Amino acid sequence: MSWTKESVCKMCRREGVKLYRKGVRCETAKCAITRRNYQPGQHSWTRGKPSEYGIGLREKQKCKRYYGVLETQFRRYFAIANRMSGNTGANLLTLLERRLDSAVYQLGLAPSRRAARQAVAHGHVKVNGTRCTASARLLKVSDSIGLMGRDKTKKMVTNALEVRKGHVAPSWLVFDETKMEGLVNALPTREDVTFEVQEQLIVELMSK
């Protein structure tokens with residue numbers, strides 16, 4: 001799926017939160033939310049108060065776009081989370097965090113989740129020593145995340161590390177900068193999800 005710069009900016013403004021679709025751009029003054037923190041459209045200020053359904057739908061759409069998943073994928077993750085023990089909303093977010101493209105981004109090997117998904121799809125990433133092109137692969141404890149030895153891969157990762165200098169991987173991941181490898185140290189928890197989302201509203205919406 002391809003997004004233009006304009007569509008990405010409108011997407012962030014429509015959801016009213018930074019989706020980090022453009023990576024570090026969202027941390028600068030060029031971010032759409034920073035420059036124009038209101039909904040797009042000529043008559044955006046005349047829109048009425050959103051309904052309870054509308055608020056829940058907004059949270060779901062925001063979560064989908066942040067992680068870059070489609071409706072069918074999102075419903076599958078919700079079904080899995082619903083069968084797991086514990087809080088369904090927290091389970092849903094941790095499942096999304098365990099995706100391979102999400103882990104590649106969290107390790108700092110890509111400037112954005114979108115770029116991380118593309119890197120996986122193009123065969124730059126390997127899991128447990130085997131090349132993997134499935135961005136939706138759910139990682140398990142003790143899984144290792146490495147890179148292919150191609151020049152294009154090295155150039156891509158070097159640029160990403162330079163752009164995201166100072167980035168610290170979350171506690172559930174361990175990154176060895178000398179080997180350029182990551183290790184799943186533990187499964188992520190709700191506290192590891194820094195994205196602002198009210199997951200309970202998503203659960204209520206999708207449980208109807």
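This passage describes the fold, the sheet, the helix packing and the nonpolar cores of a predicted model.

The chain contains 9 helices and 5 strands. Along the sequence, these elements follow the pattern α-α-α-α-α-α-α-β-β-β-α-β-β-α. Of the 208 residues, 42% count as buried. The exposed surface of the chain amounts to about 11400 Å². Carbon and sulfur atoms supply 51% of that area. Among contacts between residues at least 6 apart in sequence, 57% join residues at least 24 apart.

The 5 strands form an open sheet with antiparallel pairing. Their order across the sheet is 2-1-3-5-4. Strand 2 (130–131) and strand 4 (173–176) are the edge strands, and each pairs on one side only. Strand 1 and strand 3 are antiparallel and share 3 bridges. Within the sheet, Val 127 lies opposite Ile 145 of strand 3. Strand 3 is in turn joined to strand 5 by 2 bridges, again in the antiparallel sense. Here Ile 145 stands opposite Gly 182 of strand 5. Strand 5 (residues 181–184) also runs antiparallel to strand 4, and 4 bridges connect the two. Gly 182 of strand 5 is the bridge partner of Phe 175. Gly 182 thus appears in two of these pairings, with Ile 145 and with Phe 175.

The largest nonpolar core has 19 residues. Leu 100, Val 104, Val 125, Leu 139 and Ile 145 have the most contacts inside it. Four elements each supply at least two residues of this core: helix 6 (100–106), helix 7 (113–121), strand 1 (125–127) and strand 3 (144–147). Helix 6 provides the largest share, with 4 residues. A second, separate core has 18 residues, including Cys 63, Tyr 66, Phe 78 and Val 197. In soluble globular proteins, nonpolar side chains tend to be buried together.

Ile 145 links the description of the sheet to that of the largest core. It is among the residues with the most contacts inside that core, and it stands opposite Val 127 and Gly 182 in the sheet. Beyond its neighbours within four places in sequence, Ile 145 is in contact with Leu 100, Ala 103, Val 104, Leu 107, Val 125, Lys 126, Leu 139, Met 180, Glu 181 and Gly 182. Leu 100, Val 104, Val 125 and Leu 139 from this list are likewise named among the residues with the most contacts inside the core.

Helix 4 packs against helix 3 and helix 9. Helix 3 (residues 52–67) and helix 4 (residues 71–83) meet at an angle of about 105°, and their axes are 11 Å apart. Helix 3 is therefore roughly perpendicular to helix 4. At this contact, Lys 60, Gln 61, Cys 63 and Lys 64 of helix 3 meet Glu 71, Phe 74 and Arg 75 of helix 4. The axes of helix 4 and helix 9 (residues 199–206) come within 12 Å and cross at roughly 95°. This pair is therefore roughly perpendicular as well. Phe 74, Arg 75 and Phe 78 of helix 4 meet Ile 202, Val 203 and Met 206 of helix 9. Phe 74 and Arg 75 take part in both helix contacts. Cys 63, which meets helix 4 from helix 3, and Phe 78, which meets helix 9 from helix 4, both belong to the second core.

Key
Residues are numbered from 1 along each chain as its sequence is written. This is a predicted model: local features need pLDDT of at least 70, side-chain atom pairs count only at pLDDT 80 or more; totals for chains, interfaces and linings use all residues. Side-chain values use heavy atoms; hydrogens and water are left out. A nonpolar core is a set of buried Ala, Val, Leu, Ile, Met, Phe, Trp, Tyr and Cys residues joined through side-chain atoms within 4.5 Å. Buried means under 20% relative accessible area, exposed over 50%, partly exposed in between (1.4 Å probe, protein chains only). Contact means heavy atoms within 4.5 Å. Accessible areas come from the Shrake-Rupley method with a 1.4 Å probe; for residues, only the protein chains shown count as cover. Two strands pair if DSSP finds at least two bridges between them. Axes are lines fitted to C-alpha atoms, for helices over the stretch in contact, and angles run from 0 to 180 degrees between N-to-C directions. Angles under 35 degrees count as roughly parallel, over 145 as roughly antiparallel, 65 to 115 as roughly perpendicular and the rest as oblique.
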